[in-house]
Amino acid sequence: RTSYLNLIQGVVSRMGGNSAIMKGFAATTIAAMYGMCVTECVKWYYLLTAFIPLIAFIVLDVYYLRSERRYRNLYNLVAEKEIPPGLLYLNLRNSYFDKFKSKINKNTGIFKTVFSISIIGFYVWLIAVGIAVVLFSVFNV
């Protein structure tokens with residue numbers, strides 16, 4: 001049981017790390033695009049292209065956060081001995097987990113994940129800065 005919990009904890013740690021990396025890449029990439037567009041772009045609507053990678057980063061971050069939540073739920077279920085270790089499965093799509101799907105997927109819906117403080121609290125600022133930059137460039141052209 002302990003080795004199975006350690007395996008699950010490793011997955012949770014990787015998902016959390018990937019989410020943090022997505023935020024770092026998003027902040028760097030989007031800030032560079034905003035800065036480049038403010039100094040180089042002739043047309044204000046070129047700034048809107050910065051929202052394309054921003055949406056991609058949000059989608060990836062939501063995916064990692066959602067996966068992390070699922071594996072945390074699995075960890076809790078194994079720790080509480082509701083799920084026996086079995087064959088040390090980590091693939092949540094395996095039929096072994098079919099009878100535990102509702103417990104594993106608890107609080108991992110798209111809506112709950114997208115509107116979590118981890119996503120909204122970070123990306124709303126990048127979107128707000130983007131809108132401010134677009135407005136600034138529109139009125140200063």
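Biologist: How much accessible surface does the chain have, and what percentage belongs to carbon and sulfur atoms?
Modeller: Heads-up, this is a predicted model: local features need pLDDT of at least 70, side-chain atom pairs count only at pLDDT 80 or more, and totals for chains, interfaces and linings use all residues. Residues are numbered from 1 along each chain as its sequence is written, and side-chain values use heavy atoms, with hydrogens and water left out. Areas come from the Shrake-Rupley method with a 1.4 Å probe, and for residues only the protein chains shown count as cover. The accessible surface of the chain is about 8600 Å², and the carbon and sulfur part of that is 67%.

Biologist: What pattern does the chain follow along the sequence?
Modeller: Helices (DSSP H or I, at least four residues) and strands (E, at least two) are runs numbered from the N terminus. The chain has five helices and zero strands. Reading along the sequence, you get α-α-α-α-α.

Biologist: Is the chain more spread out than a compact globule or less, and what is its radius of gyration?
Modeller: The radius is taken over C-alpha atoms, and the globule rule is 2.2 Å times the number of residues to the power 0.38. The C-alpha trace spans about 65 × 25 × 20 Å along its principal axes. For 141 residues the rule gives 14 Å, so the chain is more spread out than a compact globule, its radius of gyration being 20 Å.

Biologist: What percentage of the chain do buried residues make up?
Modeller: Buried is under 20% relative accessible area, exposed is over 50%, and partly exposed is in between (1.4 Å probe, protein chains only). Of the 141 residues, the buried ones make up 34%.

Biologist: How far apart are the end C-alpha atoms of helix α2?
Modeller: The expected span of a helix is 1.5 Å times one less than its number of residues. Helix α2 runs over residues 51-79, which makes 29 residues and an expected 42 Å. The model agrees with that, since the end C-alpha atoms are separated by 41 Å.

Biologist: Which residue follows α2 with a positive phi?
Modeller: The phi in question is near 65°. The residue that follows α2 with this angle is K81.

Biologist: Which residues is L77 in contact with, leaving aside neighbours within four places in sequence?
Modeller: L77 is in helix α2 and is buried, at 6% relative accessible area. Its C-alpha is 8.0 Å from that of I104, 27 residues apart along the chain. Counting contact as heavy atoms within 4.5 Å, L77 meets E82, I83, K103 and I104.

Biologist: Which residue does D61 meet in a salt bridge?
Modeller: A salt bridge here is a side-chain nitrogen of Lys or Arg within 4 Å of a carboxyl oxygen of Asp or Glu, and the structure holds two. The D61 pair has an N to O distance of 2.6 Å. D61 lies in α2 and its partner in α1 (residues 2-40), so the pair ties together parts 38 residues apart in sequence. Both side chains belong to buried residues, and the partner is K23.

Biologist: Which residue does R72 form a salt bridge with?
Modeller: The closest N and O atoms of this pair are 3.7 Å apart. The two sit four residues apart in helix α2, which means about one helical turn between them. R72 is partly exposed at 37% relative accessible area, while its partner counts as buried at 14%. That partner is E68.

Biologist: Which helix gives the largest share of the nonpolar patch?
Modeller: Patches take residues with over 30% relative accessible area and no salt bridge, joining like charges within 9 Å and nonpolar side chains (Val, Leu, Ile, Met, Phe, Trp, Tyr) within 5 Å. This one is F111, F115, I120, V124 and W125, with about 580 Å² of accessible area together. W125 counts as exposed, at 60% relative accessibility. The largest share, three residues, comes from residues 117-139, helix α5.

Biologist: How far apart in space are V11 and W125, C-alpha to C-alpha?
Modeller: V11 is in helix α1 and W125 in helix α5. V11 counts as buried at 8% relative accessibility and, beyond four places in sequence, is in contact with Y71 and L90. V11 and W125 are 114 residues apart in sequence, and their C-alpha separation is 29 Å.
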